[in-house]
Amino acid sequence: MSGGQGHERVDDARLPSRAPGVLFGLGLGGFIDGIVLHQILQWHHMVSDVPAYPVTTVAGLEVNTLADGFFHLAMWLLVVAAVVVTIVERWRGRLAPNWSFHLGLMMLGWGIFNVVEGLVDHHLLGIHHVRDDVGGPLSWDLGFLFFGSLLIAGGWLLHRRGARQLRERLYRPRPPAGDWVGTPGTREENSA
């Protein structure tokens with residue numbers, strides 16, 4: 001849509017979609033949890049606090065490893081979904097996000113992952129805790145939720161800054177055609 005005085009406005013439908021960034025954040029946040037906490041540090045597995053599957057037995061560790069594999073598969077599917085949505089949105093003519101817009105949404109998605117996973121798995125279901133290898137894991141679980149909340153808040157602020165920059169760039173008034181100084185075909189060149 002265009003306004004008077006040479007303003008050219010881009011419809012908000014052309015702004016980047018939020019979905020890819022959030023999906024990337026959910027999936028990559030899950031990968032960070034699974035790779036760092038499950039595999040490298042080995043603080044917990046998906047069902048390591050379920051008495052029927054103790055990680056101190058081979059059978060229990062096999063079940064936990066299988067559950068971790070399904071968890072990683074779900075995170076991989078979130079990342080694939082993010083890639084597909086990114087491509088579809090570009091086909092629809094949406095603009096590419098700037099770094100603040102996209103990174104902020106990825107942080108937001110990671111934070112959402114931490115808060116939801118922390119509340120459901122650590123507190124509601126009790127299937128594992130951040131640290132199943134120490135007594136009194138509540139402080140670790142609360143720290144995990146706090147870190148997720150910080151990611152959500154920081155990610156949203158960073159995303160809003162990126163969105164504001166995109167809008168400013170897209171909605172900036174543009175001079176009417178032929179008023180660009182020094183460009184071939186402009187008044188300056190024609191009057192010389």
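## How α1 meets α3

Helix α1 passes α3 in a right-handed crossing (the near helix is turned clockwise from the far one by less than a right angle). This is a predicted model, where local features need pLDDT of at least 70, side-chain atom pairs count only at pLDDT 80 or more, and totals for chains, interfaces and linings use all residues. Residues are numbered from 1 along each chain as its sequence is written, and side-chain values use heavy atoms, with hydrogens and water left out.

The axes of α1 (residues 19-40) and α3 (residues 99-124) come within 6 Å and cross at roughly 50 degrees. That makes α1 oblique to α3 (angles under 35 degrees count as roughly parallel, over 145 as roughly antiparallel, 65 to 115 as roughly perpendicular and the rest as oblique). Among the residues making the contact (heavy atoms within 4.5 Å) are F24 and L28 of α1, plus W110 and F113 of α3.

## How α3 meets α4

Now for α4 (residues 138-171): its axis and that of α3 come within 6 Å and cross at roughly 155 degrees. The two helices are therefore roughly antiparallel to each other, and α3 passes α4 in a left-handed crossing.

## The cores

What about the largest nonpolar core (buried nonpolar residues, under 20% relative accessible area, joined through side-chain atoms within 4.5 Å)? Of its 13 residues, M46, F71, M75 and F113 touch the most other members. Helix α2 (58-91) is one of the helices supplying at least two residues, and its five are the largest share.

There's also a second, separate core of nine residues, including F101, L108, L170 and Y171.

Key
Axes fitted to C-alpha atoms, helices over the stretch in contact; angles between N-to-C directions. Helix = DSSP H or I, 4+ residues; strand = E, 2+ residues; numbered from the N terminus. Buried < 20%, exposed > 50% of the residue type's maximum accessible area, 1.4 Å probe, protein only.
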